[in-house]
Amino acid sequence: MNRETIDRLSAEIGELKCATRKDVEEARVRYLGKKGEITALFEEFRSIAPDLKKEFGRVLNELKQAATAKIEELRASVDDNASPQGPKEDLSMPGDPMELGSRHPVSIVRQEIVDIFRKFGYDVAEGPEIEDDHHVFEALNFPPNHPARDMQDTFFVSTGHINPLLLRTHTSSVQVRAMEQMPLPIRVICPGRVFRNEAISARAHCIFHQVEGLYVDEGVTFADLKQAILLFAREMFGPETEIRMRPSYFPFTEPSAEVDVSCNICKGKGCNICKGTGWLEILGCGMVDPNVLEASGIDSHKYSGFAFGMGLERIAMLKWRVNDLRHYFENDLRFLREFATSVEV
Ligand code: PHE
């Protein structure tokens, strides 16, 4: 053992340069491996004279530490794939594509309907989904034993109360709130989620969406209702659309009607969408029953009004010829992506 060997190794290691991981590994083996030069010096150290141990012990340890640090430093600086200079990432690489979401078909239809009625001068009103018996039934002239008030048809949140809480079965409840609160004349549409205790199938669901509308003023007639619905149908389904009204019954309107639009797929000739009839049912409507106006504090001798209500899933089904209502609730991306062209940025 001599100082020259140690100094030579120290200088050599200080100057070491490596381009690849392989070079670094080879340098490690050469100096620090089992048969490496520094390891050999430690072997030799065991048998030197005790008076030399103190001096050589210190320099040998320093040499080993310096070599270990140098190898670490070299290991960190090399990368087999990248060029020796420049950043490790390829900044020119295109980014991962970010998928744009699209509007849900029910939202698209709701927006279209809201836009049409806004043009006619209607305001949009919203109300609570958890409602009381008064706003969903009582104020709308439902008799106490009406089947809609049964547990079979309505989801109750609390029962055994004079005015139990329940999930609204239609957004007519928002119309009652409008009649109670808004100054006359009233022109509102009420979009929202409604709930009915139905078995889920291709044609029914326990949750769906409605837009209902209400117009109350002096001298409102059935002719006004018919004209409003006709204008709406032509905006929604095309300028050639015809409507027809069939007598119907709702506790809160008198007279009441169900409205069909001419099938815009076969132009009234009859196809499998309209089941050969040439007509598609889209909404229920009628003149607000005087009892309903009075229940909300409106003088039924001075004022009259009309109301209408439609299911958004049904209209979306007709518009896009979807044959199973459940698609709207399952959020299968393959279904939702069909509407991606309707994205609004
Ligand atoms: N509320 C009725 C329903 O949910 C729809 C409707 C509204 C009918 C207004 C007539 C007038 O089926």
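These legends go with close-up views of a predicted model.

**View 1. The ligand and the residues around it.**
The shell around the ligand holds 13 residues. His170, Ser172, Arg196, Gln210 and Glu212 are the closest. By type, the shell divides into five nonpolar, six polar and two charged residues.

**View 2. Side chains that meet the ligand through N or O atoms.**
Three side chains are picked out here: Ser172, Arg196 and Glu212. Start with Ser172, where an N or O atom of the side chain is 3.1 Å from a nitrogen atom of the ligand. In the side chain of Arg196, an N or O atom lies 2.9 Å from an oxygen atom of the ligand. Glu212 faces a ligand nitrogen atom, with 2.8 Å between that atom and an N or O atom of the Glu212 side chain. How much of the ligand's accessible area does the protein cover? On its own the ligand has 330 Å² of accessible area, and the protein covers 90% of this.

**View 3. Strands that supply the shell.**
Which elements give two or more residues to the shell around the ligand? They are strand 5 (207-218), strand 8 (279-288) and strand 9 (303-311). Strand 9 gives the most, with three residues.

**View 4. The sheet, strand by strand.**
Seven strands form an open sheet. Read across, the order is 1-4-5-9-8-7-6, and the pairing is mixed. Strand 1 (123-124) and strand 6 (243-250) are the edge strands, and each pairs on one side only. Strands of a sheet pair through backbone hydrogen bonds, and the pairing is either parallel or antiparallel.

**View 5. Strand 4 beside strand 5, with helix 10 on the sheet.**
Strand 4 covers residues 186-195. Its pairing with strand 5 is antiparallel and runs over ten bridges. To find one pair, look for Arg187, whose bridge partner in strand 5 is Tyr215. Helix 10 (residues 312-320) packs on the sheet. This helix touches strand 5, strand 8 and strand 9. The direction of helix 10 makes about 55° with that of strand 9.

**View 6. The hairpin of strand 6 and strand 7.**
How many residues does the hairpin use to join strand 6 to strand 7? The link is two residues. Strand 7 spans residues 253-262 and pairs with strand 6 in the antiparallel sense. Seven bridges connect the pair. Met245 is a good place to look, as the bridge partner of Met245 in strand 7 is Val259. Strand 6 is also an edge strand of the sheet.

How values were computed:
Residues are numbered from 1 along each chain as its sequence is written. This is a predicted model: local features need pLDDT of at least 70, side-chain atom pairs count only at pLDDT 80 or more; totals for chains, interfaces and linings use all residues. Side-chain values use heavy atoms; hydrogens and water are left out. A residue is near a molecule or strand if one of its heavy atoms lies within 4 Å of it. A polar contact is a pair of N or O atoms within 3.5 Å; within protein, one must be able to donate a hydrogen and the other to accept it, and residues adjacent in sequence count only if both atoms are side-chain atoms. Accessible areas come from the Shrake-Rupley method with a 1.4 Å probe; for residues, only the protein chains shown count as cover. Helices (H or I, at least four residues) and strands (E, at least two) are DSSP runs, numbered from the N terminus. Ala, Val, Leu, Ile, Met, Phe, Trp, Tyr, Cys and Pro count as nonpolar, Asp, Glu, Lys and Arg as charged, and the others, Gly among them, as polar. Two strands pair if DSSP finds at least two bridges between them. Contact means heavy atoms within 4.5 Å. Axes are lines fitted to C-alpha atoms, for helices over the stretch in contact, and angles run from 0 to 180 degrees between N-to-C directions.
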